[in-house]
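This report covers helix packing, pockets and backbone geometry. Keep the model open beside the text.

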Amino acid sequence: MTIATELLTDTFGRIREVVQETVADLTPDQLAFRPEPGGNSIGWLVWHLTRIEDDHISDLAEQPQAWTELGWHERFDLPFGPGATGYGHSSRQVASLSGIDAERLLGYHDDVHDRTVTFLAGPGIHHLDRIVDSNWVPPVTAAVRLVSVVSDALQHAGQAAYVRGLLPR
């Protein structure tokens with residue numbers, strides 16, 4: 001196992017811990033709580049960070065997303081297409097995640113986390129300098145994409161934990 005693999009596996013494990021601690025034992029109403037009318041809910045934040053991880057890691061691993069391959073898209077039954085990750089979602093789209101329970105949210109996150117760890121342990125991790133998006137200057141490497149996923153996930157996990165602290169008592 002390389003140092004990069006160890007560091008990234010530990011990092012994604014910490015994201016998983018924050019997600020589990022934040023979502024555990026919350027009701028669908030608590031997961032849908034929004035601190036203000038246009039704000040993001042815990043459920044949407046965790047769904048979004050998981051969708052981004054699923055989308056980006058699946059792309060790096062050159063495999064289908066758990067969202068579609070494992071049927072999570074059907075289990076969530078959301079009013080937008082299977083390619084949606086939450087990027088650019090409107091307030092109304094954020095609200096559409098109301099009614100989602102903690103078990104479903106954590107189940108999806110666990111499946112994505114397992115796929116991430118599998119990717120990190122595989123041969124793809126040895127090609128972190130591989131260009132994955134040439135639409136940027138400089139082009140985006142696999143390493144930069146992984147850092148982007150970590151940054152996004154940590155920010156949203158922290159936001160979700162903060163919103164949990166705001167829940168009405």
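A pocket is found on a 1 Å grid over the protein atoms alone: an open set of points with protein on both sides within 12 Å along at least five of seven lines, where lining residues have an atom within 4 Å of a point. This is a predicted model, in which local features need pLDDT of at least 70 and side-chain atom pairs count only at pLDDT 80 or more, while totals for chains, interfaces and linings use all residues. Residues are numbered from 1 along each chain as its sequence is written, and side-chain values use heavy atoms, with hydrogens and water left out.

**Pockets**

The largest pocket is lined by His48, Ile52, His56, Thr85, Tyr87, Ser148, Val149 and Asp152. Its space is about 200 Å³, a volume being the space filled by probe spheres set on the points, with grid points joined across faces, edges and corners. Helix 3 (42-61) and helix 8 (142-166) each give at least two residues to this lining. Helices here are DSSP runs (H or I, at least four residues) and strands likewise (E, at least two), numbered from the N terminus. By class, the lining has 3 nonpolar, 4 polar and 1 charged residues. Ala, Val, Leu, Ile, Met, Phe, Trp, Tyr, Cys and Pro count as nonpolar; Asp, Glu, Lys and Arg count as charged; the others, Gly among them, count as polar.

The second largest pocket holds about 160 Å³. Its lining is His56, Asp133, Trp136, Val140, Val144, Arg145 and Ser148. Helix 8 gives the largest share, 3 residues. The classes are 3 nonpolar, 2 polar and 2 charged.

**Helix packing**

Two packed helices are described by the angle between their axes and the distance between the axes. Axes are lines fitted to C-alpha atoms, for helices over the stretch in contact, and angles run from 0 to 180 degrees between N-to-C directions.

| Pair | Axis distance | Angle |
|---|---|---|
| Helix 1 and helix 7 | within 10 Å | roughly 175° |
| Helix 1 and helix 8 | 9 Å | about 20° |
| Helix 3 and helix 8 | within 8 Å | roughly 170° |

How do helix 3 and helix 8 run, roughly parallel or roughly antiparallel? They are roughly antiparallel. The cut-offs are under 35 degrees for roughly parallel and over 145 for roughly antiparallel. In their contact (heavy atoms within 4.5 Å), helix 3 residues including His48, Ile52 and His56 meet helix 8 residues including Arg145, Val149 and Asp152. This contact has 14 nonpolar, 4 polar and 5 charged residues.

Helix 1 and helix 8 are roughly parallel, given their angle. Helix 1 passes helix 8 in a left-handed crossing, where the near helix is turned anticlockwise from the far one by less than a right angle. Among the helix 1 residues in contact are Leu8, Phe12 and Ile15; on helix 8, Leu146, Val149 and Ala153 are among them. The classes in this contact are 13 nonpolar, 2 polar and 2 charged.

Helix 1 (residues 3-23) also packs on helix 7 (residues 102-121). This pair is roughly antiparallel. Leu8, Phe12 and Ile15 are again among the helix 1 residues, and they belong to a contact that includes Leu105, His109 and Asp114 of helix 7. The contact has 11 nonpolar, 7 polar and 3 charged residues.

**Backbone**

Most residues other than glycine have a negative phi, and most peptide bonds are trans. Asp25 has a positive phi, near 70°. Asp25 sits in the loop between helix 1 and helix 2 (28-32). The Val137 to Pro138 peptide bond is cis, with omega near -5°. Pro138 lies in the loop between strand 1 (131-133) and strand 2 (140-141).

Definitions and conventions: Angles under 35 degrees count as roughly parallel, over 145 as roughly antiparallel, 65 to 115 as roughly perpendicular and the rest as oblique. On a 1 Å grid over the protein atoms alone, a cavity is a set of points where a 1.4 Å probe fits but cannot get out, and a pocket is an open set with protein on both sides within 12 Å along at least five of seven lines; lining residues have an atom within 4 Å of a point.
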